[in-house]
Amino acid sequence: MTDYGEEQRNELEAIESIYPDSFTVLSDEPTSFTITVTSDAGENEETVEVTLKFTYVEKYPDEPPLWEIFSQENLEDSDTEDILTLLKQQAEENLGMVMIFTLVTAVQEKLNEIIDQIKNRREEEKLKKEREAEEAETRAFQGTVVTIENFLSWKAKFEQEMAEVRKKRQKEDDQSGKGKLTGKQLFERDHNLDTSDIQFLEDVGNSVEVDESLFQDMDDLDLEEDDPDFNPLDLGSDED
């Protein structure tokens with residue numbers, strides 16, 4: 001008959017000696033404890049970490065222990081799901097044998113894989129950004145290749161922009177013309193305009209001086225008034 005209690009106590013002592021700094025007993029009945037597992041240091045000394053909680057069941061190791069992720073650092077949700085799946089797989093393969101060390105070792109290896117994946121993802125992202133930058137620079141140097149599709153798209157956009165510009169100019173012209181009145185409208189609104197020219201002539205007429213020396217003595221002119229065909233304008237032409 002298997003003495004489950006003794007097997008559990010012996011394993012507990014071994015686990016405590018293997019993981020002295022990361023092993024913590026939570027309770028004796030039932031036996032429950034945690035083990036903190038940390039990956040090897042990755043790029044920039046970065047690590048991932050998970051604290052596993054195990055609880056012995058009555059017939060352990062013939063039945064698997066209970067486990068859960070007590071806490072974690074720098075892990076994605078998908079990573080924690082992978083770890084739980086791994087624990088289940090390893091427990092099924094090791095039924096009948098004490099397995100805590102085996103389970104913790106499997107998780108340790110998984111964490112190292114994760115830190116390598118993080119490093120690889122960062123390198124891929126860096127290379128992707130470099131490629132995108134090179135492609136952008138190449139496109140800027142070569143310009144855009146004209147196709148029927150992008151030409152028609154540009155043409156439609158250009159025509160729309162020009163229509164908006166014309167509409168804006170028409171609106172501005174309409175607004176600027178609102179305050180201007182025609183000559184007729186000004187005349188109708190200001191009744192002083194119809195007498196302004198007459199008033200101007202009256203004002204300046206009295207002050208105009210005429211130099212009479214500029215004119216010949218009308219008496220000296222031999223105007224043939226009796227001649228019905230006489231035209232004063234012909235005088236100048238006769239002299240010529």
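## The nonpolar core

In this predicted model, the largest nonpolar core (a set of buried Ala, Val, Leu, Ile, Met, Phe, Trp, Tyr and Cys residues joined through side-chain atoms within 4.5 Å) has 27 residues, and those with the most contacts inside it are F33, I35, V37, I100, V107 and L111. Here, buried means under 20% relative accessible area, exposed means over 50%, and partly exposed lies in between, with a 1.4 Å probe and protein chains only.

Two or more residues of this core come from each of helix 1 (4–18), strand 2 (31–38), strand 3 (49–55), helix 2 (77–93) and helix 3, and helix 3 gives the most, with 8 residues. Helices (H or I, at least four residues) and strands (E, at least two) are DSSP runs, numbered from the N terminus.

## Salt bridges

The structure holds 3 salt bridges, each defined as a side-chain nitrogen of Lys or Arg within 4 Å of a carboxyl oxygen of Asp or Glu. In one of them, E46 meets R122 at 2.7 Å, N to O; because E46 lies in the loop between strand 2 and strand 3 and R122 in helix 3, the pair ties together parts that are 76 residues apart in sequence.

The side chains of K110 and E113 also meet, at 3.9 Å, N to O, and these residues, 3 apart in helix 3, are separated by about one helical turn. K110 counts as buried at 18% relative accessibility, whereas E113 counts as partly exposed at 42%.

## Basis of the model

Residues are numbered from 1 along each chain as its sequence is written, and side-chain values use heavy atoms, with hydrogens and water left out. Because this is a predicted model, local features need pLDDT of at least 70 and side-chain atom pairs count only at pLDDT 80 or more, while totals for chains, interfaces and linings use all residues.
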